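Here are a few friendly notes to read alongside the structure. Keep the 3D view open and look for each part as you go.

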Amino acid sequence: MARRVRSTSCFPLELAAWLERNHYGEPVHATEHGVRRRFQVRSIEPLLRWLLGLDRPVRIEAPDDVAAAFRALSESTLSRYADPADTTRPGGASS
Amino acid sequence: MSDRAADALSQLFLLITYLHHRDTDVPLQDAAAFLGCSVDEIERLLFAVRDRPAELPSGYDDRIQIDYEPRDEDNVDGVTVYLHTTGPLRRPLRFAPDEALALAFALRWRALADPDRAPAWQELARRFELLVARTVSGDGDAPAEGVDVDVQPSEGSGPILASLRAFVEERCACRLQYLKPAPSAPPEWRTVHPYRLVHARGRWYLIAWCELRQDLRSFRVDRVLDVERTNVAFHPPPSDFDPHALIDRFGRLLDTEAPGFSAKVRYSAPIAQWIQERWPAEKDSSGAVIVEHRVLDLHWLVRHVIQYGPEAEVLEPDWCRQLIRQCLEFLIEHLELAPSS
């Protein structure tokens, strides 16, 4: 069974109460810029998609490889919108 | 423990349910004692769960997580397992008509094979048959497909849900501290008159009269941060109020606020199967699917699409594509990372 990955992210302050109320991650501490939460996951992909889907400026602070993966996911998603949509393209988003 | 797959599956259901209800680190030996098997066999079941995610659609593998550190060679003492779920085991069970029909058949068959307990099996079968009949006949009194209205909250649903349910039953106006979905919007307090709790698409919603909007509104319960009683006189629901009318046949809650717009989204083949279970979709030759969403909340569409990363893409309208691009550029600007290689 895969080892857990521990990752720390910084969220906007307005999400602090929502994260706490729904037990998303464990609280680390808050700063004047945001609130830190620590996550322990077996697989980082769902975590990254969840973070991206929040549509809020979230910063992954550690570890570096998870932060880099988050940037890569964000940029590959953005690349879908670089050009006008090709509605005739077979295979869609993953082709 | 039997080697038959059906028996292993049965044991797995028992183990998952047991771990979920314990809601704490459980020594492997306790789990083994509960199932009447060895620690080795418990590990084998856990490994079966571990091997499953690769076969699941995107997003499903994080719904149930099992935290477990493999034991040392000769030391099983102190090795524990903890099961975390984001909600699938908490929400009421929902069945599509074909699933309910299959279960009804199975239960009738079981009743024939088990005469001693036939009445119990038949009663269960009757409930599923009723569900199928109502769904197929379009009985106006029946819940919409895949939707439960006013289901008793399960244990662990939280004090907010329990409070809201009490206010609904007492017909008591209340104040909600609500986190709106709009980016950067701070939580705000709303005075509402709660009418019904609805469970749709895996989430609880409160349908209430909103004093601010002077209209019916739905509130996602997980976004309610606090709730308190008020002395405001209760605004009763209109005589023709029908919560089922606010839910479409795919179990989506229909907002009453805006006329909305239509958006086409393409989902890639790896997640197509999951998407098809949720929305009517048009499949292309590559296995990708296109769904035309009726969108009432633009922020919902943005969050919904980008959560799939590059596996989902808004095709139309173009202004929506531009908006999503701007959102992603904004998010990337705030990553504060060294440029990727």
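1. A word on contacts before we begin: two residues are in contact if their C-beta atoms, placed from the backbone, lie within 7 Å. Please also keep in mind that this is a predicted model.

2. Let's use that idea straight away on Ser76(A), which sits in helix H3 of chain A. Leaving aside residues up to four places away in sequence, Ser76(A) touches Gly309(B) and Pro310(B). Is Ser76(A) buried, exposed or partly exposed? Ser76(A) counts as partly exposed because it has 13 C-beta neighbours inside 10 Å, and a residue needs 20 or more to be buried, or 12 or fewer to be exposed.

3. Now find helix H9 of chain B, residues 318-333. This helix has 16 residues and reaches 23 Å from its first C-alpha to its last, close to the 22 Å expected at 1.5 Å a residue. Which residues of H9(B) are buried? They are Cys320(B), Arg321(B), Ile324(B), Cys327(B), Leu328(B) and Leu331(B). These buried residues cover an arc of only 125° around the axis, which means they are on the same side of H9(B). A general rule helps here: an α-helix has 3.6 residues a turn, so residues three or four places apart point the same way.

4. Turn H9(B) around and you will meet the face turned away from the buried side, with the exposed residues Asp318(B), Trp319(B), Gln322(B) and Glu333(B). What covers the buried residues of H9(B)? The cover includes strand E10 (261-267), helix H8 (298-306) and strand E13 (312-316) of chain B, together with helix H3 (64-79) of chain A.

5. Chain A also has an open sheet of 4 strands, in the order E2-E3-E1-E4, with antiparallel pairing. Strands E2 (26-30) and E4 (59-62) of chain A stand at the edges with a single partner strand each, so one side of each has no neighbour in the sheet. From one strand to the next, the twist averages 30°. Within this chain, 7 bridges join E1 (residues 5-11) to E3 (residues 35-41); for example, Ser9(A) has Arg37(A) as its bridge partner in E3(A).

6. Finally, how confident is the predictor? The mean pLDDT of chain B is 77, and 72% of its residues reach 70 or more. In chain B, confidence is highest in E13(B), at 93, and lowest in strand E4 (residues 147-149), at a mean of 47. Over residues 138-156 of chain B, pLDDT stays under 50. For the complex, the predictor gives an ipTM of 0.87 and a pTM of 0.51.

Terms used
Residues numbered from 1 in each chain as written. Chains lettered and ligands numbered in written order. Predicted model: local features only at pLDDT ≥ 70, side-chain atom pairs only at ≥ 80, totals over all residues. Helix = DSSP H or I, 4+ residues; strand = E, 2+ residues; numbered from the N terminus. Expected span 1.5 Å × (residues − 1). Arc of directions from axis to C-beta. Pairing = 2+ DSSP bridges. Axes fitted to C-alpha atoms, helices over the stretch in contact; angles between N-to-C directions. pLDDT = per-residue confidence, 0-100.
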